[in-house]
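Here is a protein chain to explore at your own pace. Have the viewer ready and click along as you read.

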Amino acid sequence: MKIRIKDVNRVFLLATAPFLGAAIWLLLSGMTIMPGDAAYPPLDEDKLPQTGHQADAIVQKLEQANALAVQTAESIKKDAELYSKTNAEMRAIVNSTALQKERPLHIYDRRITIKLGSPSESVQTDNLRAQLYYIKAQHFVGYALKVKLKTDKAMSMVLGKDEFGRSETTLAAVKRYKAFAGVNAGGYADGNGKRYPLSTTVVDGEYVGGFQPSVKDLFFVGLNEDLKLIGGKYSRKDQLDKQKPKFGASFVPILMKNGKKQEIPAKWKTSPLRAPRTVIANYKDDQLLFLVTDGYNEGGRSGATLEEIQILLQRFGVKDAYNLDGGGSSTLVFNGRVVNKPSDGQMRRLATNFLFFK
C-alpha cells in the first residue's frame, strides 16, 4: 500500500481540530481560567517568621554580651593590677631577703678588713675584688693582698713560660698573661739546667708530672672548681681527686687549720730563722689572703719567723694557711708593679706563679 504525505496531513488535521477550535473560542471570548481554592492552602499566621521579635531578641543578647564583656574586662584589669602589685611586693621581699642574706657577709668582711687596716689600693671588677694592705710588725714589714673571687676567670696558676721544667719571674708571667697581679706559688727543684715544680702540681685541672704522695712536711694547696681553697697532705691521688683541684702547688709546712696554729716542725723553725715569706690563706667566707713579707737576705737575720707569721694570721682571723716558697722567691705584683723588695736584689725565675685577672 502506498501512503502519501498529503493523506497523513489530512489525518493529523482532523485529529487536532476539536482542540484548536476550543482554544480559538477561549481567546475570542476573553474568558480567564483561575485555579480553585484547593490550589491555595490556608495561611497559618502563627507559623510566619516573627522578624521584629527576632531582631529584638538578638539586640537584647548583644547588649547582655557587651555588659558581660565589660564586666570581664574590669575583672581582668583588677586581676592584672593585683598581680602587678603582688609581683612588686614579692620582688621587694626577695630583694630584702637577699640583702638580709648578704648582711652577715658584709659585717664579717668589715670585721676582718678592720684588722688589716685601710687598703692602699683596690681593684673592683665583675671577676674579683682585690685590696692591697701594708703591714708593719715589730721585726719586719709586709704586704697583704685580700681577694674575693667572683668568677672562675679571676685567678689561675701557670708554669714558667707554660712548660714543665721552665721558669720565669712573677712579673714576666703577669705581663705575658696580661694579668694585673701575681704572687709566687710553690717550691721548685733544679736539675739538668731546668727548674721543676716541687712535688704534686696541678694546672688547669691536670696533674703536671703526675701525682706524688705527700711525704714528711710537704703539702698540696690550691683552689678547686668551686673557687674554694683546698690543701693538706694526700697519700693517694683519689683523695685529692675528690676535692676536684683546679690548680695548686706544693711546699712546707702547714701553718693554720680551722683557725688554729699548727705545730711547726723543728727543722723549719730555724732553717732559716727569719726570711722573706709568702703565705696563702683563706677566711670563713672563702676570701683569700696572700701575705708577703720583706727581708734583705735568706741568712736568717731579717724577715719574719714562721711563728710570727702564725701570730699575725691568727690576729687577722684566717681559717687555713699554708707557707709557700719564700726567700728570694717571695714576690708580689699589683697593678703591674712589684710591691715588695725581693731579697735577691732582683726577681727570681720561678716554676709556678699565681695570677689574678680583672
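## A buried asparagine

Let's start with N224, which sits in strand β10, covering residues 219-224. Strands here are DSSP runs of E with at least two residues, helices are runs of H or I with at least four, and both are numbered from the N terminus. Keep in mind that this is a predicted model: local features need pLDDT of at least 70, side-chain atom pairs count only at pLDDT 80 or more, and totals for chains, interfaces and linings use all residues. Residues are numbered from 1 along each chain as its sequence is written, and side-chain values use heavy atoms, leaving out hydrogens and water.

Why does N224 count as buried? Because its relative accessibility is 9%, and buried means under 20% relative accessible area (exposed is over 50%, partly exposed in between, with a 1.4 Å probe and protein chains only). Its side chain reaches the backbone nitrogen of D226 at 2.9 Å. If you skip neighbours within four places in sequence, N224 touches I230, Q243, K244, P245 and K246; contact means heavy atoms within 4.5 Å.

## The chain overall

Zooming out, you'll find six helices and 20 strands. Of the 358 residues, 41% count as buried. Among contacts with a separation of 6 or more, 70% come from residues 24 or more positions apart.

## An eight-strand sheet and its helix

One open sheet has eight strands in the order β1-β2-β3-β16-β15-β17-β13-β14, with antiparallel pairing. Two strands pair if DSSP finds at least two bridges between them. β1 (121-124) and β14 (260-261) are at the edges with a single partner strand each, so one side of each has no neighbour in the sheet. Further in, β13 (residues 254-257) and β17 (residues 320-324) are joined antiparallel by two bridges, and I254 has Y322 in β17 as its bridge partner.

Now look for helix α6 (residues 306-316), which lies across β2, β13, β14, β15, β16 and β17 and runs at about 25° to β13. That angle is taken between N-to-C directions, from 0 to 180 degrees, using axes fitted to C-alpha atoms (for helices, over the stretch in contact). Which residues of α6 are buried? They are L306, E308, I309, Q310, L312, L313 and F316. Right after α6 comes G317, with a positive phi near 80°.

## Rings that meet

Rings of Phe, Tyr and Trp (its six-membered ring) pair if their centres lie within 6.5 Å; planes under 30 degrees apart are stacked, over 60 edge-to-face, and the rest tilted. That rule gives nine aromatic pairs. One of them is Y207 with F211, an edge-to-face pair at 6.2 Å centre to centre and 85° between the planes.

Another pair is F247 and F354: their centres are 6.2 Å apart and their planes at 55°, so this pair is tilted. F247 belongs to β12 (residues 245-251) and F354 to β20 (residues 352-356), so the pair links parts 107 residues apart in sequence. Both F247 and F354 are buried, and they join F290 and F356 in one aromatic cluster.

## A strand covered on both faces

Strand β5 (residues 181-184) has both faces covered: A181 and V183 on one side, G182 and N184 on the other, all buried. β5 pairs antiparallel with β18 (residues 332-334) over three bridges, and with β20 over four bridges, also antiparallel. V183 stands opposite L332 in β18, while its bridge partner in β20 is F354.

Methods: Polar contact = N/O pair within 3.5 Å; in protein donor to acceptor, adjacent residues only side chain to side chain.
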